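This report describes the helical packing of one protein chain, moving from the overall fold to individual helices and residues. The sequence and coordinates are shown first.

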Amino acid sequence: MLSLIFIGIRLEQQFGFSTLSVPFCSGSVLSSLFIQRSISVGASGALFGLLGAMLSELLTNWTIYTNKAAALITFTVIIVINLAVRILPHVDNFAHIGGFLTGFLLGFVLLLRPQFGWVGRKHLPASARVTSKHKAYQYLFLVIAMVLLVVGFTGGLVMLFRGENGHDHCSWCHYLSCVPTSKWHCGN
């Protein structure tokens, strides 16, 4: 819950509630493909959606941050704490992974900010040449993310409506939902 508060408040203040609600609701398609016989509820998929969105926002708007080291250290600490919880049994890691990937891709689409140079140019005379407010790499990230989102959601929904099990297409994915240790065993 602390991660949701710290990340959610920061991103909501910068980008608004409506923009942030889309990555918050991500992660359930992948969970539905791999965990078909049980119901998973909770905010952890949404948390990882926000973490993914935060990472893509950090990468896309890298030039805006004045204290890059603090941003990376904060993000790394939050990820490490949340990944430590993932190794426990009966944790829906597919919602975590799906939420993170969806939030990461949606962050490139929804969380673009104009670069600093453009903001100063808006007060120039009308005859002055004005460049784009976004960098070329931001547009490249946006296009790639849109393509991956459309392909991923379309493929996932087609598989889901056909009733396919994700484990039939991935032989090692069962380790993502439970890592056997000396303290617990993973049942079928």
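In this predicted model, α4 passes α6 in a right-handed crossing. The axes of the helices α4 and α6 come within 6 Å and cross at roughly 35°. On the α4 side, the residues that meet α6 are Ser44, Gly45, Phe48, Gly49, Leu51, Gly52, Ala53, Leu55, Ser56, Leu59 and Thr60. Their partners in α6 are Ala95, His96, Gly99, Phe100, Gly103, Phe104, Gly107 and Phe108.

**Overall fold**

The protein has nine helices and zero strands, and the pattern along the sequence reads α-α-α-α-α-α-α-α-α. Of the 188 residues in the protein, 35% are buried. Among contacts with a separation of 6 or more, 78% are between residues 24 or more positions apart.

**Three helices**

The following table sets out the spans of α4, α6 and α8.

| Helix | Residues in helix | Distance between end C-alpha atoms | Expected span at 1.5 Å a residue |
|---|---|---|---|
| α4 | 17 residues | 24 Å | 24 Å |
| α6 | 18 residues | 25 Å | 26 Å |
| α8 | 27 residues | 39 Å | 39 Å |

For α4, the distance between the end C-alpha atoms agrees with the expected span. The same holds for α6, where 25 Å agrees with the 26 Å expected. Helix α8, covering residues 136-162, is likewise close to its expected 39 Å.

Burial can be described helix by helix. Helix α4 is mostly covered, with 15 of its 17 residues buried. In α6, the buried residues include Asn93, Phe94, Ala95 and His96 at the start of the list, and Leu105, Leu106, Gly107 and Phe108 at its end. Gly98, Gly99, Thr102 and Gly103 are also buried in α6. In α8, the buried residues are Gln138, Ala145, Leu149 and Gly156. The elements covering these buried residues of α8 include α3 (28-34), α4 (44-60) and α6. After α8 comes Gly163, which has a positive phi near 80°.

**The α6 and α8 pair**

How do α6 and α8 lie relative to each other, oblique or roughly parallel? They pack at an angle of about 140°, with their axes 8 Å apart, and are therefore oblique to each other. Their crossing is left-handed. From α6, the residues taking part are Thr102, Leu105, Leu106, Phe108 and Val109. These meet Phe141, Leu142, Ala145, Met146, Leu148, Leu149 and Phe153 in α8. Two of these α8 residues, Ala145 and Leu149, also belong to the buried set of that helix. An α-helix has 3.6 residues a turn, so residues three or four places apart point the same way.

**Individual residues**

Thr102 lies in helix α6, which runs over residues 93-110. Its relative accessible area of 11% is under the 20% cut-off, so Thr102 is buried. The side chain of Thr102 reaches the backbone oxygen of Gly98 at 2.8 Å. Gly98 is itself one of the buried residues of α6.

Gly152 has its place in helix α8. With a relative accessible area of 43%, Gly152 is partly exposed. The C-alpha atoms of Gly152 and Thr102 are separated by 9.1 Å, while the two residues are 50 residues apart along the chain.

Ser177 is in helix α9, made up of residues 174-177. Its relative accessible area is 22%, and Ser177 is accordingly partly exposed. Between the C-alpha atoms of Ser177 and Val91 the separation is 6.6 Å, although these residues are 86 residues apart along the chain.

Technical notes: Residues numbered from 1 in each chain as written. Predicted model: local features only at pLDDT ≥ 70, side-chain atom pairs only at ≥ 80, totals over all residues. Heavy atoms only, no water. Helix = DSSP H or I, 4+ residues; strand = E, 2+ residues; numbered from the N terminus. Buried < 20%, exposed > 50% of the residue type's maximum accessible area, 1.4 Å probe, protein only. Polar contact = N/O pair within 3.5 Å; in protein donor to acceptor, adjacent residues only side chain to side chain. Expected span 1.5 Å × (residues − 1). Contact = heavy atoms within 4.5 Å. Axes fitted to C-alpha atoms, helices over the stretch in contact; angles between N-to-C directions. Parallel < 35°, antiparallel > 145°, perpendicular 65-115°, else oblique. Left-handed = near helix turned anticlockwise from the far one by under 90°.
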